[in-house]
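Reader: I would like a close look at one part of this protein, taken slowly and residue by residue where that helps. Please choose the part that lies inside and explain what surrounds it.

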Amino acid sequence: MRLRWSWTCFFLLSVAMVVWAEVDEPEEEEAFVEDSDEIEATDAEADANVSFQVTYKTPVPTGNVFFAETFDDGSMGRWHLSKTMKDDVDDDIAKYDGKWEVEALKENKVPGDLGLVLKSRAKHHAIAAMLDKPFVFNDEPLVVQYEVNFQDGIDCGGAYIKLLTDSADLDLEKFQDHTPYTIMFGPDKCGEDYKLHFIFRHNNPLNKDMEEKHAKRSSVDLKKFYTDKKTHLYTLVLNPDNSYEMFIDQSRVSQGNLLNDVVPPVNPPKEIDDPKDRKPEDWDERAKIPDPEAIKPDDWDEEAPALVEDPKALKPEGWLDDEPELVSDPSAEKPDDWDEEMDGEWEAPQIPNPACEMAPGCGTWKIPTINNPHYKGKWKAPLIDNLNFQGVWSPRKIDNPDFFEDLHPFRMSAFRAVGLELWSMTSDIYFDNFIITSEKAVADRWASDSWGLKKLVASANEPGMLSQLIVAAEEKPWLWIIYILTVGLPIGLGVLFCWPKKAEDDYVYKKVDIPKAANVEEEEDDEEQVEEEQADEEQAEGEAEGEGDEEEDAEEDAEEDAEEDAEAETAEAKGDLEMVDEPEGSAGEVLGDIQDGEDEEDATKSNDTASDDEMKEADEGVQSTGDGMKQTVRKRRVRKD
């Protein structure tokens, strides 16, 4: 048992050490980090909150890249601000006059790393840039990736991008909400609705209309990405087999197929309800109907009230019928600015009647009500199966005149520019490190050289685990219960199973009472006689070696025992027997004599002798003295002189 608990304690301690090591171990990043003493000065102003510095170099994309932007040169050279007006809104807010700046992060900044920041609140913003080359949906995947940081949180607004459709009349200075786009992707939030948009425009092959298709919402809780004020990486991967994936911080949050997981679906149904079909007037959709043969019972009272006065109720003693429950506040005074012509006659506010505080109640006493045991309510006939039930009617199906089947929705309209067209009630939304490519590995390397450093710096500047737990508990007080159980349970188990216990012997010692002689004087005489006999035994021990064999000795002992038994039987009638200790020969002889003595004691028990159990225990004690004992003491009954 002790060994099992020892292994249990060892296992618990091992688990605790492993968890502690994982918590303390810093995350491995693919970015190169150096101590601040070894870093070369790359920026004149380093973030004072950063406990160490990182070497940052503007990432250079490799592979098949259609667009890449870092803003590290401090300018918006390739970006164009919109100079148009927004449609369908008031003129005072229709203009795209929101401000944009290129600057570093407010917190956890990486020296030399800059981004595009939305600076205005409650204004329309629009800015766009041309791609290096148009993206055409053929046989290559599409990978879109960029960073967003809600530096001041987000109340209501978006941070999504639009991939603007390639057309001859595309003018970035006229970029607005109605400018045709192929894909819209990115975070959006208003109220408590946190979204990650993926919307694409599909061309209806029959009427040539462009229809927006929305990917199904992610099942992941996205709230923390909008509230933690950290830089997050958003990635969209669209494959030629119509599958898509969305990632946040390189972790998948949603996936699906363009044919099955968008709303409304790309392909309409083959059949639709006939709009001209009408339900017949005699069509019976009732599965159950009232029993026409049912009759209301004669004793059914529909007029009985649901509540009646309690006949057992009695007015409490001391009830103050003449005292009102509320009285005017005697300490209230009419305000100086009270105008009776405009405000009416002033009345003091009402307060509870002080006289009612010690009484069971004031005012008119009313008998309380109880449920009426005779109340049944309005009678209704029981329901039975409708024999004329025809089922739920539905119109017949006809072929859908607008049906078409597009098995390759991935082949969307080509796009040639990327733009941000946003309305936000929060300012200082940070954008950085845009990349559009056809290879996921290229986007991952780009993220490692850019977003990876931001993540590393943010992790280094995070408060300790204890501080994070306390902050979380302040927002959700019920977490304190979890903390107490998490800490208290292992401690309690450790104390219960690992605390050293006092050793307990497996043996139970039984106290054996030594038989006491009834007569103290006889005990003293017996002790003296035993001592004398022991001395005689020692002298006789040497002489006994040369004597005859054991058979002759046994015969002699048997004859002596027979004589003594005969004398004992005669003496028992006279009541003059006593117990004495007598030395004897071998242990085997003693056992025989003891058994003989016990048989005789069963027949004649005296008040001056010990019990059978005591005699047995005494005999066992004598026999256990060892092999070296040649002589033993045997209980003999002799005649008392």
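Author: Contact here means heavy atoms within 4.5 Å. With that cut-off, and keeping in mind that this is a predicted model, Phe198 touches Ile183, Met184, Lys213, His214, Ala215, Leu236, Leu238, Tyr244, Met246 and Leu258, where residues up to four places away in sequence are not counted.

Phe198 also belongs to a wider group, since the largest nonpolar core has 64 residues, and those with the most contacts inside it are Leu142, Ile183, Phe198, Leu238, Phe431 and Ile436. Strand S5, covering residues 123–135, gives the most to this core, with six residues. A second core, separate from that one, has six residues, among them Val54, Tyr56, Val110 and Leu456. In soluble globular proteins, nonpolar side chains tend to be buried together.

The part to follow further is strand S25, residues 429–437, of which nine of the nine residues are buried, so the strand is largely enclosed by the rest of the structure. Buried in this sense means under 20% relative accessible area, and by that criterion 32% of the 641 residues of the protein count as buried.

Several strands pair with S25, and they can be taken in order. Strand S1, residues 65–69, runs antiparallel to S25 and is joined to it by four bridges, with Val65 having Thr437 as its bridge partner. Strand S4, residues 115–118, also pairs with S25 in the antiparallel sense, over three bridges, and here the partner of Leu116 is Phe431, a residue that is also listed with those having the most contacts inside the largest core. Strand S6, residues 142–150, is antiparallel to S25 as well and is joined to it by seven bridges; within this pairing Glu147 stands opposite Asp432.

Further along the sequence come two helices, H5 (residues 440–449) and H6 (residues 451–460), which pack at an angle of about 40° with their axes 3 Å apart. That angle makes H5 oblique to H6. At their contact, Ala447, Ser448 and Asp449 of H5 meet Trp451, Gly452 and Leu453 of H6, and by class these comprise three nonpolar, two polar and one charged residues.

To place this part within the whole, the protein has twelve helices and 27 strands, and among contacts with a separation of 6 or more, 76% are between residues 24 or more positions apart.

Conventions. Residues numbered from 1 in each chain as written. Predicted model: local features only at pLDDT ≥ 70, side-chain atom pairs only at ≥ 80, totals over all residues. Heavy atoms only, no water. Core = buried A, V, L, I, M, F, W, Y, C linked by side-chain atoms within 4.5 Å. Buried < 20%, exposed > 50% of the residue type's maximum accessible area, 1.4 Å probe, protein only. Axes fitted to C-alpha atoms, helices over the stretch in contact; angles between N-to-C directions. Parallel < 35°, antiparallel > 145°, perpendicular 65-115°, else oblique. Nonpolar A, V, L, I, M, F, W, Y, C, P; charged D, E, K, R; others polar. Pairing = 2+ DSSP bridges.
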